[in-house]
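Here is a brisk look at packing, charge pairs and open space in one protein model. Keep the structure open as you read.

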Amino acid sequence: MERRYRSYILLALLTCLITASAGCLTGSSGPAPGDTTTITVTRTAPTPESPVATIPAADMALQLTDLPSDYVIRDRTASAYGGIDKIYQDLGWRQGYRASFYRLDKDRDDTTGIVQEIDVYPPDTVNEVYALEKEALLPPDDSTTDYQVPFPQQGDRSIAWRETRTVDRTTIVTYTVIFTKKNVYEKISMTGTTTDYEVLRDVAQRAAGKIR
């Protein structure tokens with residue numbers, strides 16, 4: 001009788017282990033039908049992007065690694081307030097930087113340069129700066145050598161031109177793109193006897209990406 005009683009006890013324990021979710025061992029029962037469990041998830045709102053650049057103008061400048069390998073540095077310098085036209089001083093010019101690069105093929109008498117100009121303004125005047133620069137660069141309506149070219153948008157707004165000049169029977173082509181991003185205005189130009197629209201496009205994209 002005692003042996004049979006122990007067998008019943010062992011069988012009951014095994015049954016409880018197999019069906020532990022039913023609460024045999026603890027004596028508690030599972031949730032009653034219709035019961036729900038509410039889980040509160042706390043979501044952290046993303047940090048809003050700053051409407052102004054948070055790094056110095058020098059840190060937005062192109063590096064040699066951003067250009068084709070045959071380019072070298074011509075000059076890199078911070079801009080001085082005294083060298084800025086008064087109209088731009090009045091628009092709140094804060095800081096700027098200039099970087100220039102070139103490639104030279106002496107055998108072909110071929111030279112091409114890339115110049116980057118970076119200027120930082122208050123957010124409420126940078127669009128006015130862009131409008132002034134765009135107006136100054138627009139070619140005459142009847143020009144056949146200067147005209148706007150399609151160009152992928154850089155930053156918040158952008159526009160690009162192609163200009164052709166003949167100097168001592170040598171054709172010189174200049175591509176220029178201007179754009180703004182946040183409170184930064186940039187102008188990048190490529191000038192030379194051999195220019196490459198695709199290279200300028202890639203360089204401009206890298207330059208825009210450095211503004212943060």
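Leu67 touches Leu62, Phe101, Ile114 and Val203, leaving aside residues up to four places away in sequence. This is a predicted model. Leu67 belongs to the largest nonpolar core, which has 31 residues. Met60, Leu67, Ile118, Val177, Val184, Ile188 and Leu200 touch the most other members. Two or more residues each come from β2 (95–105), β3, β6 (170–181), β7 and α4 (197–209). The largest share, 6 residues, is from α4. Another core lies apart, with 13 residues that include Tyr121, Val126, Val129 and Tyr185.

Next, the charge pairs. The structure holds 10 salt bridges. Three of them are listed here.

| Pair | Closest N to O distance |
|---|---|
| Asp66 and Lys210 | 3.2 Å |
| Glu163 and Arg165 | 3.8 Å |
| Arg201 and Glu198 | 2.7 Å |

Asp66 sits in the loop between α1 (2–18) and β1 (72–78), and Lys210 in the segment after α4, so their bridge ties together parts 144 residues apart in sequence. Both Asp66 and Lys210 are buried. Arg201 and Glu198 are 3 residues apart in helix α4, about one helical turn. Arg201 is partly exposed at 26% relative accessibility, and Glu198 is partly exposed at 37%. Asp70, Arg103 and Asp110 form a salt-bridge network.

Which residue classes line the largest pocket? The lining has 5 nonpolar, 1 polar and 6 charged residues. Among the lining residues are Arg98, Glu117, Asp119 and Lys187. β3 (110–120), α3 (126–137) and β7 (184–192) each supply at least two lining residues. The pocket holds about 170 Å³ of space.

Methods:
Residues are numbered from 1 along each chain as its sequence is written. This is a predicted model: local features need pLDDT of at least 70, side-chain atom pairs count only at pLDDT 80 or more; totals for chains, interfaces and linings use all residues. Side-chain values use heavy atoms; hydrogens and water are left out. On a 1 Å grid over the protein atoms alone, a cavity is a set of points where a 1.4 Å probe fits but cannot get out, and a pocket is an open set with protein on both sides within 12 Å along at least five of seven lines; lining residues have an atom within 4 Å of a point. Grid points are joined across faces, edges and corners, and a volume is the space filled by probe spheres set on the points. Helices (H or I, at least four residues) and strands (E, at least two) are DSSP runs, numbered from the N terminus. Ala, Val, Leu, Ile, Met, Phe, Trp, Tyr, Cys and Pro count as nonpolar, Asp, Glu, Lys and Arg as charged, and the others, Gly among them, as polar. A nonpolar core is a set of buried Ala, Val, Leu, Ile, Met, Phe, Trp, Tyr and Cys residues joined through side-chain atoms within 4.5 Å. Buried means under 20% relative accessible area, exposed over 50%, partly exposed in between (1.4 Å probe, protein chains only). Contact means heavy atoms within 4.5 Å. A salt bridge is a side-chain nitrogen of Lys or Arg within 4 Å of a carboxyl oxygen of Asp or Glu.
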